[in-house]
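Colleague: Could you take me closely through one part of this model, the sheet and what surrounds it? I would like a connected account rather than a list.

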Amino acid sequence: MNRAAENLCLSLLSNCRTLRKLKQIHAFVYKSGLETDPLIAGKILLLSAVQISDAIDYARRLFIHHPNPDVFMYNTLIRGESESDSPNNSVSSFVRMLGESYSPPDSFSFAFALKAAANLQCLKTGFQLHCQAMVRGLDTHLFVGTTLVSMYGECGYVEFARKLFDEMNEPNVVAWNAIITAYFRGNDLSGADRMFGLIPCRDLTTWNVMLAGHTKAGDLERAKGLFLRMPSRDDVSWSTMIVGFAHNGCFYEALQVFRELVGSGNRPNEVSLTGVLSACAQAGAFEFGKVLHAFIEKIGFVWISSVNNALLDTYSKCGNVLMARLVFERMPGKKSIVSWTSMIAGLAMQGYGEEAIKLFHEMEESGTRPDEITFISVLYACSHAGLLERGHEIFSKMTGHYNIEPTIEHYGCMVDLYGRAGQLHKAYNFVVQMPVPPNAVIWRTLLGACSFFGDINLAEQVKKRLSELDPDNSGDHVLLSNIYAVAGKWKDVDTVRRLMAEKNMKKTPGWSMIEVDKIMYRFVAGDKLNDITEEAYNKLSEITLKLKVEGGYVPEVGNVLHDIEEEEKEDTLSKHSEKLAVAFGMARLCKGSTIRIVKNLRVCKDCHSFMKSISKVYKLDIVVRDRSRFHSFKEGSCSCRDYW
């Protein structure tokens, strides 16, 4: 009977994937009298500590109640805790193991504990473990030595890592990969390249380590060269390149690599899909995102939570909140806090403040407890919809009901809330009375509000505070210059611009992106003429003339920050990147198509007025996502309601 029950338990455990199922099997184990069976007890601990993601607390309780844990059980718990959100528990378990004379640590014990020290980036703990390994003569063990190299690398001590590596008798490819990774952790790309050149045998992991190191450092040219030279590629190789391009703002390249991945006959995985969706979200590639959505449905990945969240985020950042909501509503199973927060953020970005607050309350009713990020999204929604009182209520609820300590980001939302409502002095008083020191972002938020409402005196006070925290930020100088220019104080404009020139500060160039036929086009203000920009300029001239005649459009030359003639100011305005992008879209896209543009800076008042006029005269829907928010232009009005 016991033999049959044991075989049944082992069979059930081999197919167990969730904590709920594990508890049911564990109950059956007790009922069958097999709780002391070392094979079954070890298997249950391995599942809960290592293989099931949310079961580490259950593993600890199992371990505590086991009368005589052996070395394998200790190592399993230490390993699981080292990979958990609390790796310090792994070190504590290792210390308990040291005190157990009948379960002395072995090479695996040290390797797992050293991994915990690496994840903690705690050199002191790592050094103590190194000493303990030396006392027991385990430091020369290849497994332990390799983990020591990784630990010192993670802690930023590349010289220690290299010294240990050089002392190894016959380092294998895993040890070589560890030292290359250590060089990358120390931001020594040339050192990593040198070691890569010296390695006697490279495996696929070696190539992937090189790809990851160079993409994270932003050295995409070197990464591309390595990728092309690889003798073979796996899921990690493709995903690393896609995510690397996306994170470094090379959206077109990320989409191109994904096309190559699909064209090569390989099946995209969760990471590559979320990576390419991230690129679509950042670039505003709505059409490509729709193609990906269909592809995800086709290959049956709609059940993966992270892919659904990335898809939701893509639609939100492409300005289609209805599609985002559809993805949200169709998500299988219970929605995670990431899903709720992403949907709230999507509504907030597009000015749907009331809807975002309503969804927040639905989240509470569902039993999902909001976290710090959720409250940032809700406060952001209140700010961009001009809901001052609601913002106050939610901020109070966060601290009073949920006992969440406000962070600098929450305070920033409150400053933005006051600023957008025009209550600049209340915003200033709020900042100076904050219980935490305001950072440059807080003051910069207030300076932006001063710029919009033209409060020169307060702007000068705020700029003084900013100069103490971040004296060489070009954006702050440009904002102050803008305020002076709008007020016609050209001598002050010249003073600010001269100071910028003396400090060699460069103004961030404005660029806008538009997707046409699933290809991304990028326009930069004042860019050199080529076939694409010439087409855009020609169409723009035609549009501007029609808007002046039929729509009464008058360029807001007060936004041009130079003391020059009116005609020159108008010419300067005509070169703004979002105008070129919308003109190109109108020249190329089918009649009736929604034009979607992404801009890296805030849309100026003149371009805002220009887009409203186009939507009215041409009866076009235009969606512009700038650095701050969405602007959905329809029939001569904008979703932002001029709450900038």
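**The sheet and its surroundings**

Modeller: Before turning to the sheet, I note what the record says about another part of the chain: UniProt, in an unreviewed entry, places the feature "repeat: PPR" at residues 203-233, 234-268 and 336-370. In this model, which is predicted, the span 203-233 is 74% helix and 0% strand, with its end C-alpha atoms 11 Å apart, and for residues 234-268 the end C-alpha atoms lie 10 Å apart, again with 74% helix and 0% strand.

The sheet itself is open and is built from six strands, which follow one another in the order S2-S1-S3-S4-S5-S6 with mixed pairing. Strand S2 (519-524) and strand S6 (637-638) each have a single partner strand, so they stand at the edges and one side of each is left without a neighbour in the sheet. At the S2 edge, strand S1 (residues 511-516) runs antiparallel to S2 and is joined to it by six bridges; within this pair, Ile514 has Tyr521 of S2 as its bridge partner. Helix H33 (residues 577-588) packs on the sheet, where it touches S1, S2, strand S3 (595-599) and strand S4 (622-625), and its direction makes about 15 degrees with that of S1.

Moving towards the other edge, S4 and strand S5 (residues 630-634) are antiparallel and joined by four bridges, and these two strands form a hairpin with four residues between them. One of the pairings here sets Val623 against Ser632 of S5. S5 then pairs with S6, also in the antiparallel sense, over two bridges, and Phe633 finds its bridge partner in Cys638 of S6. In the hairpin of S5 and S6 two residues lie between the strands, and Glu635 takes a positive phi near 55 degrees.

The sheet also contributes to an enclosed space. One cavity of 30 Å³ or more is counted, and the largest cavity has a volume of about 40 Å³. Its lining consists of Gly284, Lys317, Cys318, Arg596, Ile597, Val598, Val623, Arg625 and Phe630, and the elements that give two or more residues to this lining are S3 and S4. S3 supplies the largest share, three residues. By character, the lining residues of the largest cavity divide into five nonpolar, one polar and three charged. Val623 thus belongs to both parts of this account, since this residue lines the largest cavity and is also the bridge partner of Ser632 in S5.

Conventions: Residues numbered from 1 in each chain as written. Predicted model: local features only at pLDDT ≥ 70, side-chain atom pairs only at ≥ 80, totals over all residues. Heavy atoms only, no water. Pairing = 2+ DSSP bridges. Contact = heavy atoms within 4.5 Å. Axes fitted to C-alpha atoms, helices over the stretch in contact; angles between N-to-C directions. 1 Å grid on protein atoms, 1.4 Å probe; cavity = no way out; pocket = protein on both sides within 12 Å on 5 of 7 lines; lining within 4 Å. Points joined across faces, edges and corners; volume = space filled by probe spheres on them. Nonpolar A, V, L, I, M, F, W, Y, C, P; charged D, E, K, R; others polar. UniProt positions renumbered as here; feature names shortened; annotations may be inferred.
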